[in-house]
Amino acid sequence: MATAYAEKLFTSGPVFTAGRTTGAQVAVRDGRVVAVGPDLAGLAGPATERIDLAGRLLIPGFQDAHIHAVMAGVELGQCDLTGTVDRDEYRRRIRAYADAHPEAEWITGGGWSMESFENGVPDRRILDELVPDRPVYLMNRDHHAGWANSRALEWAGITAETSDPADGRIDRDARGEPVGGLQEGAMSLVAAVVPPITAAVRLSGLMRAQELLHSLGITAWQDAMLCATNGYADVSDAYLEMARTGALTATVVGALWWDRDRGAEQIPELVAKRDAMTIGRLRCDSVKLMLDGIAENFTAAMTAPYRDSCGHATGNAGLSFIDPDRLPEYVAALDRLGFQPHFHALGDRAVRDGLNAVERARRENGVRDTRPHLAHLQVVHPDDVPRFAALGAVANIQALWATHEPQMDDLTLPFLDPELGRRQYPFGDLHRAGARLAAGSDWPVSSPDPIQGMHVAVNRVLRGTGREPFLPEQRLSLEVALEAYTAGSAFVNHLDDTGCIEPGFRADLAVLDRDPFAGPPEEIGEARVDMTLVDGKAVFTRE
């Protein structure tokens with residue numbers, strides 16, 4: 001019988017799989033790993049591509065369990081303010097973009113940071129000076145706030161007499177006049193009059209995003225906002241187009257957006273969307289339920305009220321975007337229909353509400369393989385930490401946020417109840433309590449680079465900042481962090497033949513330019529991806 005030779009054979013390097021690093025060779029054929037062992041020379045034929053790792057680390061492809069790829073890709077082609085917090089640099093980029101696009105009716109884009117402005121609130125007058133003749137609307141890096149100039153506010157009809165929406169806030173001066181900042185649901189007031197981006201722009205954005213994500217070793221992801229409402233753009237047509245044509249080389253789970261202005265009557269529509277939008281590499285059987293906002297603008301739902309600038313408790317403990325009394329009913333119904341609940345839960349009250357809903361679903365439906373996951377988890381009450389493992393709810397972490405930076409030190413810690421401040425991003429506690437960890441970036445909120453996320457998960461400090469570690473007792477080991485970004489996210493995505501390098505698993509792989517286990521933890525973030533493979537075929541190779 002003729003030997004079925006490998007198409008690719010990886011040699012001379014460490015391999016990370018099943019939570020540990022081992023010295024092994026890996027053979028790939030027909031898109032699958034066919035063998036892992038110390039000596040696979042017998043599987044190398046005349047046409048076998050031999051890849052000498054030369055000490056570089058071979059890992060399962062990274063998977064992002066919470067991302068907004070289309071939105072991020074589109075913004076890369078708009079007025080892009082990411083990567084800086086310098087207001088003068090904002091001015092330079094905005095002016096340059098406006099000059100380069102004289103035909104644009106609106107100047108749109110985003111990526112600004114709240115730390116760039118006093119109290120986190122941007123000023124319309126800056127934009128008025130730069131672009132006086134056209135409306136400007138720029139979302140901040142976490143997409144929970146917008147920055148509008150006077151022309152945009154005028155077009156949206158926002159004045160001192162405009163009431164705040166129930167799920168948001170118009171930032172105002174002492175006279176009640178809008179200053180240019182729009183928080184949470186208030187963004188929809190301007191978003192409603194911004195010309196929608198075209199299908200072609202959405203498509204090019206997704207193509208741009210996929211190329212970048214592959215270059216970071218990412219082979220699959222879960223997009224947390226398809227078929228969006230509540231002021232957010234629907235980007236699902238880009239995925240459908242790429243899935244139908246085969247241009248989608250990543251495997252994608254789409255989380256269908258739960259319209260927080262409606263109730264259970266939308267569930268049949270979600271079923272229809274799931275059926276219509278499961279094509280090729282795209283599967284849409286997750287539902288995104290946004291339970292609260294963010295801590296920096298005091299909309300994350302907490303168990304204790306926020307403090308004012310003098311340290312006194314206020315009457316505000318954040319917002320619940322979905323009625324907590326109805327949420328368990330909705331989640332149980334979704335679980336019964338085979339949907340995966342995907343929660344945005346930042347504050348500890350929102351986390352508790354999400355877990356209560358999962359508990360209700362488990363009680364009514366039994367333990368079904370829907371793999372609910374709660375994303376962000378900025379604050380988790382100690383009483384709720386063990387509930388993740390008990391309920392089989394996955395802790396979906398965005399590790400890059402667990403660090404000292406101005407948005408944390410200037411806009412969060414001074415305004416949180418001190419006890420809540422000590423409970424932030426409790427990755428270590430969750431792991432020790434037996435919770436399954438998955439990981440994502442929330443890009444474009446923060447960098448999509450999993451290596452930088454792992455660096456912070458292990459060190460609790462951003463690479464190169466020289467700051468003190470943030471709550472260092474919550475560190476993860478590199479093994480646990482890498483497992484979260486691979487097998488953990490693969491579990492969340494129901495991609496059970498990925499996330500591990502074992503015979504029979506898909507050859508979704510990445511080669512790092514070094515073995516980060518061989519160096520000190522503070523050098524983890526220096527690693528880069530040299531090659532990314534999907535189904536055994538290279539989708540990225542570093543030149």
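## Surroundings of T412

T412 has a relative accessibility of 2% and therefore counts as buried, the cut-off for that class being under 20%. The model is a predicted one. In sequence, T412 belongs to the loop that runs between α12 (406-409) and α13 (418-421).

The side chain of T412 makes a polar contact with Q407, reaching the backbone oxygen of that residue at 2.9 Å. Q407 also appears among the residues that T412 touches, together with A295, E296, Q378 and Q424; residues up to four places away in sequence are left out of this list.

## Aromatic pairs

The count of aromatic pairs comes to eleven. One of them joins F117 and W147, with 5.0 Å from centre to centre and 70° between the planes. This pair is edge-to-face, because planes over 60 degrees apart are classed that way.

F117 sits in the loop between β10 (107-112) and α3 (124-130), while W147 is part of strand β12 (residues 145-148), so the pair ties together parts that are 30 residues apart in sequence. Both F117 and W147 are buried. The two residues also belong to a cluster linked by ring pairs, which includes Y90 and W112 as well.

## Arginines over rings

Two arginine–phenylalanine arrangements can be described here. R260 is placed over the face of F321, at a distance of 4.3 Å from the ring centre. R460 lies over the face of F427, and here the distance from the ring centre is 5.2 Å.

Conventions: Residues are numbered from 1 along each chain as its sequence is written. This is a predicted model: local features need pLDDT of at least 70, side-chain atom pairs count only at pLDDT 80 or more; totals for chains, interfaces and linings use all residues. Side-chain values use heavy atoms; hydrogens and water are left out. Helices (H or I, at least four residues) and strands (E, at least two) are DSSP runs, numbered from the N terminus. Buried means under 20% relative accessible area, exposed over 50%, partly exposed in between (1.4 Å probe, protein chains only). A polar contact is a pair of N or O atoms within 3.5 Å; within protein, one must be able to donate a hydrogen and the other to accept it, and residues adjacent in sequence count only if both atoms are side-chain atoms. Contact means heavy atoms within 4.5 Å. Rings of Phe, Tyr and Trp (its six-membered ring) pair if their centres lie within 6.5 Å; planes under 30 degrees apart count as stacked, over 60 as edge-to-face and the rest as tilted. A charge sits over a ring if NZ of Lys or CZ of Arg is within 6 Å of the ring centre and within 35 degrees of the ring normal.
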